[in-house]
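User: I'm new to reading protein models. Can you walk me through how some of the labels get decided?

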Amino acid sequence: MSPPAMVALHDLWYAYNGSKTAALQGLTLEVPAGSVTAILGPNGSGKTTLLHLILGLLTPTRGTIELAGRPQTAYSRRELGRLLALVPQKEHLTFNFTVLEYVLLGRAPYLQLLETPRPTDRQAALEALRTVGAEALQERGVTALSGGEQQLVTLARALAQQPRLLLLDEPTAHLDLGNQARVLEVMRRLCAGGVTVLFTTHDPNAAAAVADHVILMRQGRVLAAAPTAAALTAENLRVTYNVPVEVAQVGGRLIALPSQEAHRHAQPDDGE
């Protein structure tokens with residue numbers, strides 16, 4: 001018997017207070033355990049909302065979420081903190097922690113109230129910094145970091161939680177090419193080590209570079225959910241982004257680009 005999906009959604013709906021249109025509409029899908037899965041779509045497709053529902057920051061208007069075969073509601077907050085972690089698009093760092101102090105915040109689910117980090121927690125934090133290639137930053141103040149360095153350190157904090165499910169919201173959006181490659185490689189290595197990785201992106205090429213499975217979304221609905229090569233077709237991407245797209249194989253990888261006719265045929269995006 002195959003193991004349960006790491007994430008299973010059943011007829012999931014969510015509407016923000018005051019909104020006439022649901023941000024998510026009837027999502028039923030599974031995220032395979034031990035995979036890298038990309039949620040791909042334009043602005044307003046509901047990608048970030050979906051991550052926040054899985055994390056438990058939002059409560060579904062209707063429908064259910066299962067994590068590792070158990071209802072999400074059956075987990076305590078501490079259990080959720082040990083099961084999954086989130087790397088947000090942007091984190092506003094107002095306290096000038098050192099990088100090591102900040103990454104140690106990821107150990108909170110393993111500590112009692114007011115308990116100070118133990119040597120094992122410090123070791124987990126240092127290992128997380130090594131994993132993202134940021135160990136040399138450990139004594140720097142977090143507010144003095146560049147945007148790319150902050151993103152890597154935020155990823156390290158999530159890794160210090162030692163989650164079985166890692167959620168990343170647009171993890172490569174503001175990174176240079178070198179740091180993009182580093183983050184994608186970390187995602188591959190985590191998956192090889194048994195961690196399920198679920199990330200959102202606007203970029204089909206980021207999905208093609210690392211994902212085993214792709215979920216295509218638009219206006220709160222799932223348009224396709226399939227292995228990467230089956231999902232990232234020119235037609236699927238055209239419907240998702242409302243613009244003609246060409247898909248080709250380059251060096252054994254899928255590459256997606258707006259077609260030469262994209263500017264003539266593009267229509268205003270009707271996303272959020």
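User: Why is Arg130 counted as partly exposed?

Analyst: This is a predicted model, and in it Arg130 has a relative accessibility of 35%. Buried would need under 20% and exposed over 50%, so Arg130 lands in between and gets called partly exposed.

User: What makes the contact between Arg130 and Glu135 a salt bridge?

Analyst: The cut-off is a side-chain nitrogen of Lys or Arg within 4 Å of a carboxyl oxygen of Asp or Glu. Here the N to O distance is 3.1 Å, so the pair makes the cut. Glu135 is partly exposed too, at 31%.

User: How do you know that Arg140 forms a salt bridge with Glu149?

Analyst: Same kind of check: their closest N and O atoms are 3.5 Å apart, and the limit is 4 Å. As for exposure, Arg140 comes out at 32% and Glu149 at 22%. Both values sit between 20% and 50%, so both residues count as partly exposed.

User: Which residues are joined into one network by salt bridges that share partners?

Analyst: Those are Arg107, Arg118 and Asp121. Within that group, the side chains of Arg107 and Asp121 meet at 2.9 Å, N to O. This pair links distant parts of the chain: Arg107 is in the loop between α3 and α4, Asp121 is in helix α4, and they're 14 residues apart. A search of the whole structure turns up eleven salt bridges.

User: Why are Arg107 and Asp121 called buried?

Analyst: Just look at the values: Arg107 has a relative accessible area of 5%, and Asp121 has 0%. Buried means under 20%, so both qualify.

User: What do the buried residues of α4 pack against?

Analyst: They pack against α3, α5 and α6. Among the buried residues of α4 are Asp121, Ala124, Leu126 and Leu129.

User: How do you know that the reach of α4 is close to what's expected?

Analyst: α4 has 13 residues, and at 1.5 Å a residue the expected span is 18 Å. From first C-alpha to last, the helix reaches 18 Å, so the two values agree. Just after α4, Gly133 takes a positive phi of about 75°.

User: Last one: what makes Leu40 buried?

Analyst: Leu40, which is in strand β3, has a relative accessible area of 0%. The cut-off is under 20%, so Leu40 is buried. If you want to find your way from there to Leu100, the two are 60 residues apart in sequence and 32 Å apart in space, C-alpha to C-alpha.

Note on methods
Residues are numbered from 1 along each chain as its sequence is written. This is a predicted model: local features need pLDDT of at least 70, side-chain atom pairs count only at pLDDT 80 or more; totals for chains, interfaces and linings use all residues. Side-chain values use heavy atoms; hydrogens and water are left out. Helices (H or I, at least four residues) and strands (E, at least two) are DSSP runs, numbered from the N terminus. Buried means under 20% relative accessible area, exposed over 50%, partly exposed in between (1.4 Å probe, protein chains only). Contact means heavy atoms within 4.5 Å.
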